[in-house]
Protein chains: 2
Amino acid sequence: MAIASKSVATDNIKAYMQDVGQRARVAARAMARAETAAKDTALAAIAAEMERSQGALLAANKKDLDAGKAAGLDAALLDRLELNATRIQAMAEGLRQIAALVDPVGEITDLKYRPSGIQVGRMRVPLGVIGIIYESRPNVTADAAGLCIKSGNASILRGGSEAIYSNRAIAACIQTGLKQAGLPADAVQVIETTDRAAVGELIILKSCVDVIVPRGGKSLIERISAEATIPVIKHLHGICHVYIDDKADLDKAIKIAFNAKTHRYGVCNAMETLLVAGGVAAKVLPVLGKMYQEKGVELRGCAATQKVLSGVKAATEDDWHTEYLAPILSIRVVENVDQAIEHIARYGSAHTDSIVTEDITRARRFLREVDSSSVMVNASTRFADGFEYGLGAEIGISTDKLHARGPVGLEGLTSVKYVVLGDGHVRK
Amino acid sequence: MAIASKSVATDNIKAYMQDVGQRARVAARAMARAETAAKDTALAAIAAEMERSQGALLAANKKDLDAGKAAGLDAALLDRLELNATRIQAMAEGLRQIAALVDPVGEITDLKYRPSGIQVGRMRVPLGVIGIIYESRPNVTADAAGLCIKSGNASILRGGSEAIYSNRAIAACIQTGLKQAGLPADAVQVIETTDRAAVGELIILKSCVDVIVPRGGKSLIERISAEATIPVIKHLHGICHVYIDDKADLDKAIKIAFNAKTHRYGVCNAMETLLVAGGVAAKVLPVLGKMYQEKGVELRGCAATQKVLSGVKAATEDDWHTEYLAPILSIRVVENVDQAIEHIARYGSAHTDSIVTEDITRARRFLREVDSSSVMVNASTRFADGFEYGLGAEIGISTDKLHARGPVGLEGLTSVKYVVLGDGHVRK
């Protein structure tokens, strides 16, 4: 699908991206200083402009959809690409929700007097310039811009080439809103070229970009992580487990295991492997197996699972490593909580894992020893989500350990600096 | 200086480092689970063993010193390399101080009920495996090992080749202490080869090492940052500023500006550039100039500085960019706080900058707008230090923005994960 770039000499992507980066760097200083009221005004103005521009947004989106159909994009992709009145309204509402969140920037915490007489605390500050690389959904343009504005960052947004007209139309609304609030237009820049070389340049713009946030499939994220010389906040994949302990309340266990798998299939916090203690497998698996089969979930199990459940394929070593993102579930009968923790350490992706048990000692061990970004007791893995956690919004879920881990909201787009207050104090 | 490696086939550094990495990865899981009491027992046992082994430590250190002298190391380097009874006592005391700190691991904060009924909080967890690369001072071996043990991490330590015998002797004490506490010997591994290829392997051991902390000169850190594929917590350099505002209390200003430059010269938090508001330059610079000159500090100034101070060389553009780490100071007269902030943004290294003023509005602006890891009001830049800030210990000062920033103590060697507690809760 070849969409001509609007105003960019594609033979000079490097210079274009450097210019974008330098503008972002300048805008970032103004954004870091921007008052909360100005940022909230901009968010409200962008939301209003998107509602006012519904016709233009739909027209631009139609161009993308027509090109997508002509290029033979599949139905799922076309669905992600589509804008309609409801979705435009949802984007505007999302921006207003971000405006309503508490501004994290400038918050001073832990300001304490030290024996020397100085006061030491920490102030939350923006990261600077954030590069966001995403795929076909145009609403990410509005969401990501909104989160970066509120957190006082400048952003460089690179959406999928199949959404270029939609993204440009949304970008126009963002520009109008920034202008109305007196904030720099370069605070949000949408890459104007569909040339893939622009991504390659963006992820090595060390002097201008502070962090890259890729949003999309595993292959996109792996490629970006491998090539980037800038830190990447990445979400690789979610191989999430539920472990049903032999001291579980079986009603809760069945509710949670069913919800974690079937509430939505294509999401990273869906359960992919069910672990069941040997002591309760014969009791709980037949009930659950029937529920899954009625729902159309394909089951793949270990030998012990196959003994208590008929019509279950044998799970292979590959199954334990697989994020299905589909109505497929692997099931393994384990001896006890130790073997469950071992299985998760070996095959999990450090995303989200849950134990179902009434035994507080085992619950405490699971919480302490499972090294995942979210660890749960008696709750569905589907709760691993920025909104459910009260972050108010989410730019992604990090499976990294450094900087941000788990759902990343406004705070994940900030850092802290130390502030020291004295009254002429010097070191002795 | 060629020191033969003890037990390592130097022709197979890659395999050796992979083995070290895998052992560390296994030990890291045990360390993450280790009880506070076991970690504190180990720290106390290492301290006692170092005191008991004073003779062996001094003998090993003598080998390094003799080799260093034979290789023509300069006096400053030999001083850094030297152990004596006082320094051994200081290492032991440092470990006891780390034992006395609160264990950060497992702390749960912000545990709150959400509208869905689940409780969501965050638990502090170790990073995993930390690779520390440092230069000649052998006490870093004990300090770094102590911080990593207390924070529940496994560590791989690579000291300077000139300190290899000292580091091995300290490593033997660490092994004894870990054993006495029932912790895995692989929790702290000191690299047994002086082959520089070991560093190259360590910084790309992605599957086994979670973060690299280089401690040393700028060239070491730049090289490691350029080549590492693992995240690096780095401290590049400190071009620290003091700005004397025209609303400063001049007594405080003189005390602070003198202390920040002359308390110690070779440290990263020493002031390298003094900025003075035009309105008070004629009043404050002659006093300060005299004090600096009596102390033997070479002054380099802008044209306005030269007008009010005789015997001052002209500062070049290079001076504003230079971390002298020496009794040299560059001085610039600026118009006001805006120009001071601009100067710091342009020439600073985002380490530590201080304003001297009685004006609260300017103080607030400086705190908010200067984007450095430590920003101060009416205090000497020399306070930028983990001990002064109450961290209890310090593995370095980070000039990065992601993950850790400013002095890095135990908390900087940890991450957090989300914990979710429910009672059979599922997503609606």
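User: Happy to start at the chain contact: which strand of chain B does β16(A) join, and in what sense do the two run?

Analyst: Good place to begin, bearing in mind that this is a predicted model. Five bridges link β16(A) with a strand of chain B that covers residues 374–379. One of the pairs across the chains sets A:Leu421 against B:Val377. The two strands run parallel, and the partner of β16(A) is β13(B).

User: Which element gives the most to the side of chain A that touches chain B?

Analyst: The contact draws 58 residues from chain A and 58 residues from chain B. On the side of chain A, at least two residues each come from α1 (13–33), β2 (119–126), α10 (250–262), α15 (360–369), β13 (374–379) and β16 (414–425). With eleven residues, the element that gives the most is β16(A).

User: How many residues on that side of chain A are nonpolar, polar and charged?

Analyst: Chain A brings 58 residues to the contact, and these can be sorted by residue type. Their division is 23 nonpolar, 17 polar and 18 charged.

User: What kind of axis relates the two copies?

Analyst: Let's work from the superposition. A turn of 180° with a shift of 0.0 Å along the axis lays chain A on chain B, at an RMSD of 0.1 Å. The copies are therefore related as by a two-fold rotation axis.

User: Which residue of chain A has the C-alpha nearest the axis, and what share of the contact residues of chain A recur in chain B?

Analyst: At 1.9 Å from the axis, the nearest C-alpha of chain A belongs to A:His403. Both copies use the same surface for the contact. The share of contact residues of chain A that recur in chain B is 98%.

User: Moving inside chain B, which strands stand at the edges of the open sheet of four strands?

Analyst: The order to read along is β5-β4-β3-β6, with parallel pairing. Two strands of chain B have a single partner each, so one side of each lacks a neighbour in the sheet. From one strand to the next, the twist averages 15°. The edge strands are β5 (188–190) and β6 (211–215) of chain B.

User: Which residue in β6(B) stands opposite B:Gly131?

Analyst: Strand β3 of chain B, residues 129–134, pairs with β6(B) in the parallel sense over five bridges. Opposite B:Gly131 in β6(B) stands B:Ile212.

User: Which strands does helix α6 of chain B touch, and what angle does its direction make with that of β4(B)?

Analyst: Two helices are worth looking at here. Helix α1 (residues 13–33) of chain B packs on the sheet against β3, β4 and β5, with its direction at about 145° to that of β4(B). Helix α6 (residues 139–150) of chain B also packs on the sheet, touching β3, β4, β5 and β6. The angle between the directions of α6 and β4(B) is about 165°.

User: What is the radius of gyration of chain A?

Analyst: Chain A holds 15 helices and 16 strands, and 53% of its 428 residues are buried. For that length the globule rule gives 22 Å, and the value for chain A is close to this, so the chain is as compact as a globular protein of 428 residues. The radius of gyration is 24 Å.

User: Is A:Glu192 buried or partly exposed?

Analyst: A:Glu192 lies in the loop between β5 (188–190) and α8 (197–202) of chain A. Being buried takes 20 or more other C-beta atoms within 10 Å. A:Glu192 has 17 of them within 10 Å, so A:Glu192 is partly exposed.

How values were computed. Residues are numbered from 1 along each chain as its sequence is written. Chains are lettered from A and ligands numbered from 1 in the order in which they are written. This is a predicted model: local features need pLDDT of at least 70, side-chain atom pairs count only at pLDDT 80 or more; totals for chains, interfaces and linings use all residues. Two strands pair if DSSP finds at least two bridges between them. Axes are lines fitted to C-alpha atoms, for helices over the stretch in contact, and angles run from 0 to 180 degrees between N-to-C directions. Two residues are in contact if their C-beta atoms, placed from the backbone, lie within 7 Å. Ala, Val, Leu, Ile, Met, Phe, Trp, Tyr, Cys and Pro count as nonpolar, Asp, Glu, Lys and Arg as charged, and the others, Gly among them, as polar. The radius of gyration is taken over C-alpha atoms; the globule rule is 2.2 Å times the number of residues to the power 0.38. A residue is buried if 20 or more other C-beta atoms lie within 10 Å of its own, exposed if 12 or fewer, and partly exposed in between; C-beta atoms are placed from the backbone. Copies are superposed by least squares on the C-alpha atoms of residues with pLDDT of at least 70 in both.
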